Amino acid sequence: MSETAKIEIDGKTFEFPVITGTENEKAIDIKKLRGTTNCITIDPGFKNTGSTTSAITYLDGENGILRYRGYPIEQLAEKATFLEVAYLLIYGELPKESELKDFKKSITNHTLVHEDMKQFFEAYPSQAHPMGVLASMVVSLSTFYPESQDPNRSDEAVDLTIHRLLAKLPTLAAMSYKNAVRHPFIYPKNELGYIENFLNMMFAMPTEDYKPNPVVASALNKLLILHADHEQNCSASTVRIVGSSQANLYASISAGISALWGPLHGGANQAVIEMLDKIQEDGGDLDKWIAKAKDKNDPFRLMGFGHRVYKNFDPRAKIIKKAADDVLEQLGVDDPALDLAKKMEKIALEDPYFIDRGLYPNVDFYSGIIYKALNIPSEMFTVMFALGRLPGWIAQWKEMKENKEPIGRPRQIYTGENERDYVSIEKR
Ligand code: SDX
């Protein structure tokens with residue numbers, strides 16, 4: 001006998017099926033709710049509402065668990081390469097050697113963007129935020145590949161678009177950076193690995209080669225893996241809902257980049273560093289700023305703290321915090337922001353305000369400190385988040401399409417005026 005949930009409305013009892021996930025999570029299936037009760041549910045921010053079933057990522061917010069296709073994030077961050085994780089998220093299994101070789105080869109062969117795109121960059125002001133540039137460049141890619149605008153064309157066509165995106169996003173990201181600092185663009189080099197190629201396009205100059213430091217490349221590999229997917233977060237849900245209208249993958253990913261830009265989401269990694277700098281400039285009085293964060297009348301929030309799902313620690317933050325110590329030591333970087341961040345974490349986690357609300361450091365709290373040590377400017381931090389999240393967004397879009405999910409179109413409860421007649425302007 002399958003489990004059900006009973007709801008009583010106006011004295012009538014209605015029964016709905018309860019579905020159970022692989023990890024025994026339960027959901028009341030309300031697909032027939034409006035048809036049988038003439039009622040809908042309402043849940044601003046979808047704090048209690050599931051939008052889909054998914055086999056990609058599992059989060060347990062209470063126990064700080066994160067797994068991609070069943071593999072614990074701690075193992076993937078330690079043992080895998082980013083492209084292996086991208087393949088896992090998108091195609092569902094860790095690639096065999098031959099599969100990974102073909103995947104890498106295909107991506108390597110698509111790293112160049114059309115020469116005409118250089119003119120787009122030149123039109124931007126130098127202070128253009130790279131996230132705004134990146135979002136527009138990604139949707140512009142669709143205009144160079146008109147056949148990609150039909151997401152139902154064929155599996156091969158979808159795969160080609162997936163490989164083009166994985167290949168070209170690092171190129172476009174590096175071009176956004178070079179454009180911002182008004183340095184010449186550096187072309188991809190096919191003999192370099194995925195991460196080394198990105199670092200070369202970011203930091204090489206026509207006047208001299210750049211030798212990627214293995215410590216930097218390894219740190220970046222780990223960071224990209226830790227950001228690769230996070231189930232139905234704001235930007236992934238954006239990608240799914242845009243894709244549900246059968247908009248092409250470039251347009252869906254561009255929308256995801258825009259959603260990620262917000263300081264409450266991926267933009268928090270830049271906001272954390274700006275917050276730590278501001279506190280330092282203000283004399284480093286952490287008690288003052290933590291009091292501001294707790295004050296309902298003060299809009300200031302501790303950026304990098306809190307999470308919709310993790311009401312205990314964010315497993316990624318634990319890994320990144322340790323990596324920050326290791327990377328800064330290996331690079332011989334002494335950044336007072338790291339000590340300030342650690343002190344802030346300690347004070348906050350002994351404060352009932354944060355403990356009672358389950359507010360712990362999230363993935364964005366320490367990541368910026370590593371990016372800074374890698375000489376990546378703060379305006380590029382959220383671009384780095386997007387580079388990591390790309391395979392997750394692609395996997396979510398692909399799953400939505402393969403599950404033939406209907407177009408996303410939520411209902412609402414109307415609270416406006418009742419019917420009224422038009423009033424001519426002289427009578428208003
Ligand atoms: C990411 O969803 C994902 O998976 C996202 C992400 C991913 O990988 O895709 O993990 C990446 O976006 C991480 C989050 C990055 N954002 C920040 O660090 C910004 C600061 N954090 C917050 O704005 C907030 O914690 C959110 C947006 C992350 C979560 O907000 P919720 O779940 O809507 O919680 P809430 O705003 O309702 O807060 C609950 C309470 C409130 O107080 P009360 O009304 O109960 O008195 O906690 C307070 C909030 O005022 N609160 C904070 C706080 N975050 C929440 N108070 C001070 N500082 C904070 N950072």
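This briefing covers the ligand shell and the surroundings of threonine 111. The model is predicted, so local features need pLDDT of at least 70 and side-chain atom pairs count only at pLDDT 80 or more, while totals for chains, interfaces and linings use all residues. Residues are numbered from 1 along each chain as its sequence is written, and side-chain values use heavy atoms, with hydrogens and water left out.

**Ligand shell**
- Of the 25 residues around the ligand (a heavy atom within 4 Å of it), those that come nearest are His230, Leu302, His307, Arg316 and Arg389.
- The shell consists of 10 nonpolar, seven polar and eight charged residues, where Asp, Glu, Lys and Arg count as charged, Ala, Val, Leu, Ile, Met, Phe, Trp, Tyr, Cys and Pro as nonpolar, and the others, Gly among them, as polar.
- At least three shell residues come from each of domain 2 (94–264 + 380–403) and domain 3 (267–374), with bounds taken from an automatic or database domain assignment.

**Polar contacts of the ligand**
- Among the polar contacts (pairs of N or O atoms within 3.5 Å), a ligand oxygen lies 2.7 Å from a side-chain N or O atom of arginine 389.
- The protein buries 79% of the 1,100 Å² that the ligand exposes when taken alone (Shrake-Rupley method, 1.4 Å probe).

**Threonine 111**
- Threonine 111 sits in the loop between α4 (97–108) and α5 (117–122), helices being DSSP runs of H or I with at least four residues.
- Because its relative accessibility is 8%, threonine 111 counts as buried (under 20%, 1.4 Å probe, protein chains only).
- Its side chain reaches the backbone oxygen of threonine 108 at 3.1 Å.

Conventions. Helices (H or I, at least four residues) and strands (E, at least two) are DSSP runs, numbered from the N terminus. Buried means under 20% relative accessible area, exposed over 50%, partly exposed in between (1.4 Å probe, protein chains only). A polar contact is a pair of N or O atoms within 3.5 Å; within protein, one must be able to donate a hydrogen and the other to accept it, and residues adjacent in sequence count only if both atoms are side-chain atoms.
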